[in-house]
Amino acid sequence: VLGDLNQESSSFILQDQLPKILLPVLLIKLSIFFVFGVYRKLWRYTNINDVIQIAQALLASSLITLLPRFFKLAPVNFDTFAASFGIIIIDFFLSLTLLCAIRFLRLYLVEQRAIKRRLKEAKSKAKATLILGAGEACIEVIQAIQRHPELSLEIKAILDDDPRKQG
């Protein structure tokens with residue numbers, strides 16, 4: 001009996017509800033992404049502001065997709081479109097993860113390509129480098145040196161007068 005119920009609900013979801021829900025959900029998402037300008041910034045460097053913008057657009061599209069539920073329309077009625085809460089939550093997190101992963105992957109690939117290009121152009125011997133101060137600025141300098149190997153800087157030491165930062 002339980003197997004028949006699961007098979008019937010799977011059949012209902014795949015054959016009846018999915019075709020009715022898929023197109024409206026895609027249209028809602030694409031429209032909201034257009035309004036929020038998510039795709040305008042696809043090819044530029046990604047930062048936390050872009051992630052927030054994507055999350056806001058996904059939240060807005062999820063809320064619009066849930067409107068039929070708020071008006072007590074059930075998916076059992078074949079004439080209505082109403083997605084379940086669980087599907088919307090899963091869709092939100094999957095979409096957020098995949099959209100951000102694509103952008104960060106592109107950022108990584110562009111950065112690696114730029115590093116390789118700069119390394120070909122710079123053929124000088126590494127210069128010994130001494131950094132004064134071991135605070136937050138020092139961390140940023142080290143990260144910048146690592147991002148730009150074409151500078152040919154080799155950190156030999158970091159000096160600071162604060163005994164807590166020595167070691």
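**Confidence, cysteines and the surroundings of C100**

Right at the start of the chain, residues 1-6 keep a pLDDT under 50, and the model gives this stretch zero contacts beyond four places in sequence. The structure here is a predicted model, so a look at confidence comes before anything else. Across the protein, the mean pLDDT comes out at 76, with 76% of the residues reaching 70 or more. Among the elements, helix 1 (residues 2-36) sits at the bottom with a mean pLDDT of 67, while helix 2 (residues 48-65) takes the top spot with a mean of 88.

Next come the cysteines. A disulfide is a covalent bond that joins the sulfur atoms of two cysteines. When the whole structure is searched for such bonds, zero disulfides turn up. Two cysteines are still worth a look for how much of their surface is open. C100 has a relative accessible area of 9%, and it counts as buried because that value is under the 20% cut-off. C138 is buried too, with a relative accessibility of 7%.

What surrounds C100? This cysteine belongs to helix 4, which covers residues 85-121. Once the neighbours within four places in sequence are set aside, C100 is in contact with V51 and I54. N47 offers another way to place C100 in the fold: 53 residues separate the two in sequence, and their C-alpha atoms are 9.7 Å apart in space.

Note on methods
Residues are numbered from 1 along each chain as its sequence is written. This is a predicted model: local features need pLDDT of at least 70, side-chain atom pairs count only at pLDDT 80 or more; totals for chains, interfaces and linings use all residues. Side-chain values use heavy atoms; hydrogens and water are left out. A disulfide is a pair of cysteine sulfur atoms within 2.5 Å. Buried means under 20% relative accessible area, exposed over 50%, partly exposed in between (1.4 Å probe, protein chains only). Helices (H or I, at least four residues) and strands (E, at least two) are DSSP runs, numbered from the N terminus. Contact means heavy atoms within 4.5 Å. pLDDT is the predictor's confidence in each residue, from 0 to 100.
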